[in-house]
Amino acid sequence: MSSAAPASDRGRQPLLNDALVVLEAPTQSWSDPSGEMGGAAIHGVFHGDWRYVRGLSLRVGGEPVEATGTARSAGRVVFHGVARAIDDETPDPRVLVERERSVAAGALEERVRIRNGLDAAVTADVELAVDVSIAELSTVKAGLPAPMPPSWREQGPGALEAGDGPRTLALAAPGAEVSRDGDRVVLRWRLQVAPGSVADAGLTIGLHDPTAVVGPAADRPLAALEPSGDAALDRWAARAADDLRALLLDAGQGPFAAAGAPWFMTLFGRDSLITARLLLPLSLELAEGTLRTLAARQGVVVDPATAEQPGKILHELRQSTFTMPGEGIVLPPVYFGTIDATPLWVVLLHEAWRAGLPIATVRELRPALEGALGWLRDHGSPDGSGFLKYIDETGTGLANQGWKDSGDSVRFRDGRIAEGPIALCEVQAQACQAAEGGAALLEALGDTEGADEWRAWAEGMRKRFRAAFWVERDGERYPAIALDGAGAPVDAKTSNMGQLLGTTLLTAEEEAQVARILVDERFASGWGLRTMSSDQGGYWPLSYHCGSVWPHDTGVVIEGMLRAGLGDAARVLAAQLVLAADAFDGRLPELFAGFSRDDASSPVAYPASCRPQAWSAAAVVPVHRALAGG
């Protein structure tokens with residue numbers, strides 16, 4: 001067996017927890033909290049699946065600005081600071097700097113304002129340095145950025161354009177003196193600022209990529225939650241709504257939510273569907289856009305290279321092949337390696353119809369509905385067991401294809417990793433729910449025979465599941481996370497069992513039993529639901545899927561508890577998630593560590609966690625419903 005390559009050779013994924021993001025999908029910028037870019041691996045300006053700018057630094061009077069604070073929303077931030085290089089010698093700062101950064105789809109604007117509170121005029125030499133580096137997103141994520149050499153063109157005074165072929169970056173800095181050294185552009189202004197006055201200088205960076213497969217949403221339909229009377233919950237709701245609007249995209253069939261920043265600013269079947277489902281009380285239009293976008297790209301052929309199958313809903317859409325060096329993963333631009341997106345599509349269609357989606361729209365989507373149901377029957381269970389199962393047939397795809405998609409996420413109680421094909425417990429619940437929902441839709445469309453077929457299929461799933469998945473260990477009876485390739489229950493206690501609630505898979509007594517386990521302190525960390533119980537062999541608080549807390553996972557479980565009439569349990573987890581959201585200033589990350597409130601006075605960051613993350617933000621809706629009846 002060969003040894004692993006040293007980290008310096010294979011690259012390290014950038015850490016994100018100390019960085020500040022400004023975004024409007026599909027464009028985003030990452031910097032340190034002062035606004036400076038270039039000091040960390042994640043820094044830069046991104047558009048779609050590419051990074052265009054590596055560094056953006058400001059000097060006033062030849063010195064960096066000393067930061068004093070920020071004011072921010074999803075798409076705009078003002079960095080406040082002082083410029084002591086041009087101030088007087090008294091203790092009170094009198095020359096202030098406001099560095100305003102705004103991101104719109106395909107553009108970043110940087111404006112520097114000098115505020116002079118002195119009794120005399122000041123001369124402010126303002127310098128912005130831009131380091132252009134056009135590199136594919138996957139190489140940045142791997143910690144091995146591979147920039148494409150750009151060609152440069154002057155476009156007039158204060159204006160330059162760089163491009164690598166299809167992609168272009170345009171710099172416009174009115175009134176600036178421009179110099180370029182290789183791919184570094186330095187822009188200089190000399191501002192005369194009268195006493196009590198303000199002077200400013202500005203830069204615009206325009207980004208264009210004709211190969212992009214998704215674009216900005218023309219409409220961002222998302223209603224606001226009613227005030228709850230809980231200040232922390234309301235702060236989270238406002239921040240979440242701002243982030244969610246900034247994450248909306250369109251690929252030609254209506255709005256859908258990008259999964260999250262920085263790596264997932266595109267269409268993800270599972271993430272986009274769960275986000276739209278959680279947000280149904282706030283936006284029927286988002287649900288319709290998500291359904292139509294995925295239906296337009298539904299599988300039609302059997303292709304092992306992409307995991308496509310007839311009726312299957314895709315996992316991920318990219319501009320080109322997405323590689324993960326060091327992990328051995330190479331995903332094609334349109335990749336279908338997901339076991340749950342297809343039943344989730346049916347579930348969303350059914351719930352959107354119940355929420356008011358016109359039956360005429362359901363009728364339009366009937367071919368996709370029948371295709372998705374057909375996939376459950378004809379392809380989802382390749383061994384004929386009746387359980388939906390997956391295994392990566394390529395060796396370069398995702399080893400695990402449920403929402404816990406890391407390679408080590410499916411473990412036995414003693415910590416051993418299960419071998420495939422894997423049948424996940426929550427996927428059987430989603431399939432059961434899809435069959436029941438599909439039956440109701442077919443019945444509404446006049447197909448009673450089809451409705452009866454799928455109700456019988458759902459009942460068969462319940463019986464099969466009850467016989468195969470339930471285990472008893474140390475006096476506790478609970479559903480295993482999965483069945484392994486030999487059909488044995490993978491008996492770790494995980495949060496996956498929480499996603500069975502409210503799906504029609506379990507009896508009321510079984511649901512109450514699961515809920516009791518989940519609110520125990522081994523699962524409920526005080527900040528939310530751990531992905532694995534702390535008494536399991538594979539548990540680690542900073543494991544991606546075996547001990548961390550994923551806010552969306554907690555939100556989905558809360559939503560299921562409410563459906564099952566388990567309001568007390570839902571409120572326990574909801575209150576914990578509000579505390580976590582407030583600690584993260586209203587922007588819950590993709591995940592955070594599973595340490596308890598006894599271990600740490602605030603949630604401990606998982607340092608590579610993405611944010612904002614659409615389904616983390618959307619978790620505020622079931623929490624609001626649990627605590628405020630919204």
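In what order do the three strands of the open sheet stand, and is their pairing parallel or antiparallel? The order is S16-S17-S18, and the pairing is antiparallel. The model is predicted, so that local features need pLDDT of at least 70 and side-chain atom pairs count only at pLDDT 80 or more, whereas totals for chains, interfaces and linings use all residues. Residues are numbered from 1 along each chain as its sequence is written, and side-chain values use heavy atoms, with hydrogens and water left out.

Strands are DSSP runs of E of at least two residues, and helices are runs of H or I of at least four, both numbered from the N terminus; two strands pair if DSSP finds at least two bridges between them. Strand S17 (residues 248-250) is joined to S18 by three bridges, and Leu 249 has Phe 256 in S18 as its bridge partner. Strands S16 (215-216) and S18 (255-257) are at the edges, each with a single partner strand, so one side of each lacks a neighbour in the sheet.

The largest nonpolar core (buried Ala, Val, Leu, Ile, Met, Phe, Trp, Tyr and Cys residues joined through side-chain atoms within 4.5 Å; buried means under 20% relative accessible area, exposed over 50%, partly exposed in between, with a 1.4 Å probe and protein chains only) has 159 residues. Trp 236, Trp 345 and Met 561 touch the most other members. Helix H9 (residues 425-444) contributes the largest share, 10 residues. A second, separate core of 45 residues includes Leu 56, Ile 86, Ala 162 and Ile 205.

Gly 156, in strand S10 (residues 151-156), is partly exposed, with a relative accessible area of 34%.
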